[in-house]
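Reader: I would be grateful for a close look at the principal pocket of this model and at the parts of the chain around it. Please define the terms as they arise.

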Amino acid sequence: MLLVLVLFILAQFLNYEQIFIQEEIDRRKERVETQIHAETVDREGIAIEVVSDDDLSQRIRVTGELVFEECRDDLRPTGRELLMTLGTTLGRNQSFFESVQVEGHADRQGPTGIVCQQAGIEDNWQLSAQRATEVVRLFSSSELFEAAQLSSVGRGEYHPLSDPSDTTATALSRDRRIEIVLRYSQQGILGGSPDD
């Protein structure tokens, strides 16, 4: 009977600990989202949206025609400015994150036209991967992140936000985006300072 009581108390303690950790992660997510909205005001032609993936992840969507040059991984000045501001905001909170993964996404249309041919872009995989890598380079150049936290991946056209039957310019534009996936760390929460 004593063993059952000890196991019950231990289970309650572990449950309380997990609840405390999740509440702290939720507080950190809210803090990061508030800072993003306060510091990275949408620029004309670029929008930022913050969504939670699950208990430990948060996703920042950056969409708009003014982020990258057409069919290139070159950032336009407005896109570079916005992403540097975003990177600075995230970098100040880098101790919260286990990892920061940048995903490149493309629309369902393959790269076509003379601009894409001149850029040497063969398909959406290549374009999305190159764009994600360019954002990781930008973030790493700020020296606000540990290199081991950062990664990039190209998703091509295979994770659209719009309905696949919607081929309007607005829908295709929404699918062309960069997503920054923040994976929050559970380490150090129980022993960390309240301002972490």
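Author: The account below begins with the chain, turns to the pocket, and then takes up helices, a strand and loop residues.

The model is predicted, so local features are given only at pLDDT of at least 70 and side-chain atom pairs only at pLDDT 80 or more, whereas totals for chains, interfaces and linings use all residues. Residues are numbered from 1 along each chain as its sequence is written, and side-chain values use heavy atoms, with hydrogens and water left out.

The chain has five helices and five strands, where helices (H or I, at least four residues) and strands (E, at least two) are DSSP runs numbered from the N terminus. Their order along the sequence is α-β-β-α-β-α-α-β-α-β. Of the 196 residues, 40% are buried; buried means under 20% relative accessible area, exposed over 50%, and partly exposed in between, with a 1.4 Å probe and protein chains only. The exposed area of the chain is about 10800 Å², of which carbon and sulfur atoms supply 52%; such areas come from the Shrake-Rupley method with a 1.4 Å probe, and for residues only the protein chains shown count as cover. Among contacts between residues at least 6 apart in sequence, 74% join residues at least 24 apart, a contact being heavy atoms within 4.5 Å.

The largest pocket has a volume of about 430 Å³. On a 1 Å grid over the protein atoms alone, a pocket is an open set of points where a 1.4 Å probe fits, with protein on both sides within 12 Å along at least five of seven lines, while a cavity is a set from which the probe cannot get out; lining residues have an atom within 4 Å of a point. Grid points are joined across faces, edges and corners, and the volume is the space filled by probe spheres set on the points. The lining consists of 22 residues, and E65, C71, D107, R131 and R176 lie nearest the centre. Two elements, α4 (124-141) and β5 (177-184), give two or more residues to this lining, and α4 gives the most, with three. By class, the lining has nine nonpolar, six polar and seven charged residues; Ala, Val, Leu, Ile, Met, Phe, Trp, Tyr, Cys and Pro count as nonpolar, Asp, Glu, Lys and Arg as charged, and the others, Gly among them, as polar.

Helix α4 has 18 residues and reaches 26 Å from its first C-alpha to its last, close to the 26 Å expected at 1.5 Å a residue; the expected span is 1.5 Å times one less than the number of residues. Its buried residues are N124, L127, S128, R131, A132, E134, V135, V136, L138 and F139. An α-helix has 3.6 residues a turn, so residues three or four places apart point the same way. Among the elements that cover the buried residues of α4 are α2, β3 (97-105), β4 (150-154) and β5. Within α4, S128 is buried at 1% relative accessibility. Beyond its neighbours within four places in sequence, S128 contacts G104, H105, A106, V153, G154, R155 and G156. The C-alpha atoms of S128 and R176 are 8.7 Å apart, across 48 residues of sequence.

In strand β5, R177 is buried, with a relative accessible area of 5%. Residues up to four places away in sequence aside, R177 touches R61, V62, T63, E103, G104, H105, H159, P160 and L161. Its C-alpha lies 5.2 Å from that of H105, although the two are 72 residues apart along the chain.

C71 belongs to the loop between β2 (57-63) and α2. This residue is buried, with a relative accessible area of 9%, and has a positive phi of about 60° although it is not a glycine. Most residues other than glycine have a negative phi. E143, in the loop between α4 and β4, also has a positive phi, near 60°, but is exposed, with a relative accessible area of 71%.

Helix α2 (residues 77-92) has 16 residues and reaches 23 Å from its first C-alpha to its last, close to the 22 Å expected. G79, L82, L83, L86, G87, T89, L90 and G91 are its buried residues. T88, in this helix, is partly exposed at 29% relative accessible area.
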